[in-house]
Amino acid sequence: MFSLGHWWVIGGSFVIYPMTHFLALETSCDETAAAVFTDELAVLSSVVASQTDLHARFGGVVPEIASRAHLRNLLPVIDEALTRAGIGTADVGCVAVHNTPGLVGALLVGVSAAKMLSLALGVPLVAVNHVASHIYACRLAAGRDIFPCVGLVVSGGHTALFRCDTPLSMDLLGGTRDDAAGEAFDKVAAILGLGFPGGPAVEREAAAGDPKAHAFPRTFLADGRLEFSFSGLKTAVLYTCHGQDVAKATPPPPGRKRADLAASFQEAVVDVLVGKCKQALRKTGLNRLAVGGGVSANRRLRAGLEKMCAKEGAELVIPPPGLCTDNAAMAALAVEKWKRGEFAPPDLDAEPNFL
Ligand code: KG4
Ligand code: ZN
């Protein structure tokens, strides 16, 4: 690939600044991902190797299996990302990595590889927060500045609302007291015998069901707290489905009953997420909502948020589904840190908890 880079006319002459290519790595959970983007936020490649097949028979992500699969997949994924971007390692000017939050063994694979690459190539290393990157995916998708905004991250590991004044400042407005919304989707999918990963499976099943068939709880929706709780909802689905003798539980067979359970569950999650986003917009006085994380790929949620934002006079920014679920392109947040000279030390560690 040939690129002149950026140029400006200064004092009557052209000054050319080389474009910087970033190589970013994501290994926080069960996707092994690498992406190449420029300091002008042009995404040249984004490669994601999913481990879904490896975890499906266990009904959830098995941390040790995830780490080992990252070890096997990461170098081929990096190679593929560089090839698709049309560059070689010598063209990489900065290495970025999600070092928090996530499964510690999984994060360590990406962090170790990123440190090695930065050292071997003699280029800076930038560490970025995976949750902040989910919001930055909205910035990438919009192709323009979206800050300040209310940010909702709704994934398998997190459900939280933030006030985001800049890409790098996220003030927590409220998180989940127990399960994340995606985790509830995955567990309800298991209860309904829909397999793993649960979110897309529940969405497919719900399409044939009646969202009003069961009045499942909408926790905290009526009060002003910007917090979430999905564990009671999950239990309500379990008891409605099997009764309280869960030891004898078998998933309901395919058919209308199962579709109604899926649709009613999905509707309860959507009502809570949409309702809390509305409250957050009103509380902060902001008029833009940015939504990221795997659950934001859900069409019912997207439609609910669109309707609410239109009524509230707020702008809604949601990336296309491929940028909602885990990927390394969203780590373009690293460009913001790189511009400020916020580089990671060579002894960067993986931090499993959300900082
Ligand atoms: O952001 P993500 O890929 O990984 C984490 O950071 O957790 O989110 C994965 C979560 C899973 O729980 C998955 O079931 C859920 O997002 N998900 C969905 C949909 N697609 C993925 N949930 C509901 N509807 C979907 N279409
Ligand atoms: Zn994620």
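1. Which polar backbone atom lies 2.9 Å from an oxygen atom of ligand 1? In this predicted model, that atom belongs to Gly294. Taken alone, ligand 1 exposes 550 Å², and the protein buries 89% of that area.

2. Two further polar pairs at ligand 1 should be read alongside the one at Gly294. A backbone N or O atom of Gly199 lies 2.9 Å from an oxygen atom of the ligand. At His130 the partner is an N or O atom of the side chain, placed 3.3 Å from an oxygen atom of ligand 1.

3. The shell around ligand 1 holds 19 residues. The closest of them are Gly156, Asp186, Gly199, Glu203 and Asp326; Gly199 is thus listed here and also supplies the backbone atom described in point 2. By residue class, the shell divides into eleven polar, five nonpolar and three charged residues.

4. Three helices deserve attention when the site is inspected. At least two residues of the shell come from each of helix H4 (130-142), helix H5 (181-191) and helix H6 (198-206).

5. On the domain level, ligand 1 lies between domain 1 (2-135 + 326-339) and domain 2 (145-324), because both give residues to the shell around it. The space that ligand 1 takes is the largest pocket.

6. Two cis peptide bonds should be checked in the backbone. One runs from Phe147 to Pro148, with omega near 5°. Pro148 is placed in the loop between H4 and strand E8 (149-154). The other runs from Phe196 to Pro197, with omega near 0°. Pro197 belongs to the loop between H5 and H6, and both of those helices supply at least two residues of the ligand shell.

7. A last backbone point concerns Leu41. This residue is not a glycine, yet its phi is positive, at about 65°. Leu41 is found in the loop that joins strand E4 (31-38) and strand E5 (43-50).

Key:
Residues are numbered from 1 along each chain as its sequence is written. Chains are lettered from A and ligands numbered from 1 in the order in which they are written. This is a predicted model: local features need pLDDT of at least 70, side-chain atom pairs count only at pLDDT 80 or more; totals for chains, interfaces and linings use all residues. Side-chain values use heavy atoms; hydrogens and water are left out. A residue is near a molecule or strand if one of its heavy atoms lies within 4 Å of it. A polar contact is a pair of N or O atoms within 3.5 Å; within protein, one must be able to donate a hydrogen and the other to accept it, and residues adjacent in sequence count only if both atoms are side-chain atoms. Accessible areas come from the Shrake-Rupley method with a 1.4 Å probe; for residues, only the protein chains shown count as cover. On a 1 Å grid over the protein atoms alone, a cavity is a set of points where a 1.4 Å probe fits but cannot get out, and a pocket is an open set with protein on both sides within 12 Å along at least five of seven lines; lining residues have an atom within 4 Å of a point. A molecule sits in a cavity or pocket if more than half of its atoms lie within 2 Å of its grid points. Helices (H or I, at least four residues) and strands (E, at least two) are DSSP runs, numbered from the N terminus. Ala, Val, Leu, Ile, Met, Phe, Trp, Tyr, Cys and Pro count as nonpolar, Asp, Glu, Lys and Arg as charged, and the others, Gly among them, as polar. Domain bounds come from an automatic or database domain assignment.
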